[in-house]
Amino acid sequence: MAGRINDEDVKAVRDAVPIDAVVSEYLQLRNAGGGNLKGLCPFHDEKSPSFQVSPSKGFFHCFGCQEGGDTITFVMKIDHLTFSEAVERLAGQAGITLRYEEGGYNPSHQRGERIRLVEAHKIAAQWYAEQLVTGPEADTGRAFLADRGFGQAAAEHFGVGYSPQGWDHLTRFLRGKGFSDKELLLSGLSQEGRRGPIDRFRGRLMWPIRDIGGEVVGFGARKLYEADNGPKYLNTPETAIYKKSQVLYGIDLAKKDIAKASRAVVVEGYTDVMACHLAGVTTAIATCGTAFGGDHIKILRRLLMDNGSARVIFTFDGDAAGQKAALRAFEDDQKFAAETYIAIAPDGMDPCDLRLAKGDEAVADLVEPRTPLFEFALRQIVARYDLDTPAGRAAALDEAAPVVARIKNSGAQHEVAVQLAGMLGILDTQFVVRRISQLARWARDRGGKGPAPDQRRRDGAQQQAGPMTATPRGPALNLRNPVFATERELLKLALQRPELVSPAFDAYGVDEFTAPPYAAVREAIMEAGGAEFGVQDPQDYLVRVREAAPDDAVRAMVTELAVEAIMLHRGVKGVDEVYAGAQLVTVRRRAVERRIRDITGRLTRLSAHGDPAELAAVQNELWILQQYDQNLREHGAAAL
């Protein structure tokens, strides 16, 4: 074990490295008055900054979780280091050579494990970078970068390197630097082979992955050769210093600009980060082989200070995988105080391809906020349903409403609920708002877990049936409901007095009968030759209709309607053409009104993002239907 670090050297380290300079590497600090600085505490989640730093005193303190101490304490806590390891890291940054009370100067192999692993990665990164420039077989790597618009200067800026194809080039090099086989295996730079450690990365382009403090903690390696049977991208395994869910590629380069601009751009890959930075979007970062998650959010929150005007823009490929990634990101959206957006190039290109095809300006333009992430997520949901049908709108609302209900800010929740109603084409906006508010209350009552599944299904079905469709669904269907009275009367006329409704009745579609049993009877009449056949052959007519029925239930309904007395309202003299015409007009007008509501909802959706030609066609269809409805209202059966 190494000896105790000389007290004078420890003091020299404290004095040489200002605490605000160290802390600002991990979070954004702002003026708190009295010479102090404040920021969001990195040791616990908080919405408003209670973490303060006093540069003059060299101390920090959080008034929320009570953590505090000096520069060394901060580094120990933030990076989980021992006292000696923290002093050694800070001494390295300040260029101070440490003395040890026992054993003189500290030999490299006696340092703490984490420091040793970080140092191994630092040396490996330098070696990989040299191989890319001077290595005899690195032409493939240089060509890969050149094909994507990256020259030597770009490779040097990002520290990109090359790992030779041999079995143990890096392993032997690091052994020569004093690292043990155990350290090489623990670092993830080497792996166990048949005869001892061999290089983990061979014949690949190498991107060093740095933590927010700038230390290399891992690598991302891209396959270059067909003979390589490994995955396209291979990352460092989980180690004592590398946790893929807690690192963001490019964060060391982007952190200052993220804090300054209150904006972060999340892209999907290493080359996308490079393309963005070279195009002037220096706030770009990427995850390392994993989905964007809660730990990544914590990193960005500390830099963004939960500023209400802060923005996080996600850029994902336009393919199904990219859309899925965006929806995963939306699941954590409420952990941000920042506004979240998604940017997808019209042709689905990623930033790297976009830069090659259209230049730096196109990349800069791409990441300007376009679509709020919640809007994208909701559009992805509703796109899976047929919004031109009541059932489709009901199902889309059922899936989308719980998503909106998760929005914590009540004002924002109400606004998004209104937007959702527009997306779905539901004219009764307040119904959607009430539905989402109810789900939000359920979630609060159950500790944020939302309503019980059976309760949600039961209540959701009951509520959606009202404004979404004129037809109650399920076993509780009441065919005697006044809503269906006219449909029932018209079917009775078609079966009992076909001469009064023919030939107009035969032009009625099955969908003009909103009760499913009535629609089935209408279809059976059509299969039997229609009301016109009933006029021509009244003796055989009902038999043919019954035979055309698909099952016993429909046959029973045909019989019921064929024998039930036609209901005459007070003042109606008898069952005649006038009475029959009134039933025909009422059923048709209700169908037209439903279609007008559908088209009006479609217009609502198209008005925001629709194609102009399609919008014009729908507007024309709406006008025609409105004129037809007016004719029916004014001229009755004569307009049929």
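Where does Q66 lie? This is a predicted model, and Q66 is the opening stop. Select Q66 and the residues on either side: Q66 sits in the loop between β4 and β5 (68-70). Its phi is near 70 degrees, which is a positive value in a residue other than glycine. Is Q66 buried or exposed? Q66 has a relative accessible area of 51%, and the cut-off for exposed is over 50%, so Q66 counts as exposed.

**Strands β2, β3 and β4**

From the Q66 loop, step back to β4, residues 59-62. Select β3 together with β4: the two strands run antiparallel and are joined by 4 bridges. They form a hairpin with 4 residues between them. In the turn, click on G58, whose phi is positive at about 75 degrees.

Now add β2, residues 36-39. Strand β2 is joined to β3 (residues 51-54) by 3 bridges, and this pair also runs antiparallel. V53 in β3 is a convenient residue to centre on. Which residue of β4 stands opposite V53? That residue is F60. On the β2 side, L37 stands opposite V53.

**Helix α8**

Next, select residues 169-176, which make up helix α8. Show the side chains of L170, T171 and L174, which are buried. Looking down the axis of α8, the buried residues fall within an arc of 100 degrees, so they line one face of the helix. An α-helix has 3.6 residues a turn, so residues three or four places apart point the same way.

What covers the buried residues of α8? The cover includes the helices α5 (113-134) and α9 (181-187), along with the strands β7 (190-193) and β8 (196-199). Before leaving, select G178, which follows α8 and has a positive phi near 95 degrees.

**The five-stranded sheet**

Move on to the open sheet of 5 strands, whose order is β13-β12-β14-β15-β16 with mixed pairing. The edge strands are β13 (284-286) and β16 (371-372), each pairing on one side only. Helix α11, residues 270-278, packs on this sheet and touches β12 (263-267) and β13. The direction of α11 makes about 175 degrees with that of β13.

Within the sheet, select β14 (residues 311-315) and β15 (residues 339-343), which pair in the parallel sense over 5 bridges. To find one bridge between them, pick F314: its partner in β15 is I342.

**S262**

Select S262, in the loop between α10 (251-261) and β12. Like Q66, S262 has a positive phi in a residue other than glycine; for S262 the value is near 55 degrees. Is S262 buried or exposed? S262 counts as buried because its relative accessibility is 9%, and the cut-off for buried is under 20%.

**H296**

H296 lies in helix α12, residues 294-304. With a relative accessible area of 1%, H296 is buried. Which residues does H296 touch, leaving out those up to four places away in sequence? Select K244, S245, Q246, V247 and L248, then T287, T290 and A291, to display these contacts.

**Last stop: S502 and P503**

Finish in the loop between α22 (498-501) and α23 (516-527), where P503 lies. Show the backbone here: the peptide bond joining S502 and P503 is cis, with omega at about 5 degrees.

Key
Residues numbered from 1 in each chain as written. Predicted model: local features only at pLDDT ≥ 70, side-chain atom pairs only at ≥ 80, totals over all residues. Heavy atoms only, no water. Pairing = 2+ DSSP bridges. Buried < 20%, exposed > 50% of the residue type's maximum accessible area, 1.4 Å probe, protein only. Contact = heavy atoms within 4.5 Å. Arc of directions from axis to C-beta. Axes fitted to C-alpha atoms, helices over the stretch in contact; angles between N-to-C directions.
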